[in-house]
Amino acid sequence: MRIVVTRPIPDVALAPLRGRGDVAVGPAEPPIPTPDEVRDAIREADVVYTLPANPVSGDAIRGARKLRMIATMGTGYDNIDVGAAKERGIPVTFAPGILDETTADGVFALLLATARRLGEAERFVRAGKFRGWTPTMFLGRDVHHATLGVVGMGRIGRALSRRAKGFAMRILYTDARRNEDAERELGATFVPLDQLLRESDVVTLHVPLLPETRHLIDAAALRKMKRTAILINSSRGPVVDEKALAEALREGVIAGAGLDVYEREPSVEPSLLALENVVLLPHIASASEATRTRMAVRATENILAFLDGKPLLDPVP
Ligand code: 8YV
């Protein structure tokens, strides 16, 4: 039994796998393995344990003749060619639900940092430029009582909205379907995307990456937003047209953006790096020790269930 883990994971998640076969762990350090490297690494694998940053392509799946199962410790599984796995009857598991509250904390921090220009202000102090208080220094936008537009009212969108409610925000949302539970709990109002873009002070994205969500936020969508609005993306980079966003930020089409994910992650559109009105994080919204450990363990539990012939805990639908 050969289990390939694409990157080091916490010991508590790795140890139970070691008892089950020959475990090969990928390199700790970036850069992310290329598609060819992943294909080579999993060629002889029975089971692959992967993470959101490590793509498992259709080519790699078709090239791994012994492959019987793929588990990811992410809640998103757009890095795996699930169609290619299904064609070969290979089950894929993910790790949903665990990161919701931690991610909502992280996204709300990014939202506040963007609205209140904390990135710029911090760089200013570190550069030794703080030489005295002035009444107009780093004026930002109020988050309390502002209108929040949640694109995708799933578990993370809802956890974020609960925090927004504590800030007395008005909550609009859009989704493929209405979520009446969330409406009751949060007083959220279901609106079409266009209306959400027009009325929100903060637009935050919580959709999976699907063909229909790729570039959901493009130049035209950005032009519908208020000039004073900010955009927060912690979902998947390609949901936003990054070049169009950089241009919109430069031209003042919108006021600011907070990004945790990138269109060609880990590359960041170079023109964004030069802008002050964008807060850039390295995909850390879910990065608490407890949550990452629980996600890592959950992927292991899915693999153990598979090896023991038990029902999978989190099969990808
Ligand atoms: C992390 C994510 O990469 O779960 C996902 O899909 O994108 C991320 O937040 C993840 O928490 C790693 O387990």
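Colleague: What makes the pair across the interface of domain 1 and domain 2 a salt bridge?

Modeller: The rule wants a side-chain nitrogen of Lys or Arg within 4 Å of a carboxyl oxygen of Asp or Glu. Arginine 236 and aspartate 78 have their closest N and O atoms 2.8 Å apart, so the pair passes the cut-off. One salt bridge is found across this interface. Keep in mind that this is a predicted model, where local features need pLDDT of at least 70, side-chain atom pairs count only at pLDDT 80 or more, and totals for chains, interfaces and linings use all residues. Residues are numbered from 1 along each chain as its sequence is written, and side-chain values use heavy atoms, with hydrogens and water left out.

Colleague: How do you know where domain 1 and domain 2 run?

Modeller: The bounds come from an automatic or database domain assignment. Domain 1 is 2-98 + 289-307, and domain 2 is 100-280. Their C-alpha centres lie 31 Å apart.

Colleague: Which residues supply 56% of the area that domain 1 buries against domain 2?

Modeller: Asp78, Gly97 and Thr291, more than any other three residues. Buried area is the accessible area (1.4 Å probe) that two parts lose on being put together, summed over both. Here that comes to about 590 Å², with carbon and sulfur atoms giving 45%.

Colleague: What makes nine residues of domain 1 count as being in contact with domain 2?

Modeller: Contact means heavy atoms within 4.5 Å. By that test, the nine meet six residues of domain 2.

Colleague: Why is the link between glycine 76 and the ligand called a polar contact?

Modeller: The term asks for a pair of N or O atoms within 3.5 Å; within protein, one must be able to donate a hydrogen and the other to accept it, and residues adjacent in sequence count only if both atoms are side-chain atoms. A polar backbone atom of glycine 76 is 2.7 Å from a ligand oxygen, so this pair fits. Histidine 283 has a side-chain N or O atom 2.8 Å from a ligand oxygen, and for arginine 292 the distance from a polar side-chain atom is 3.3 Å.
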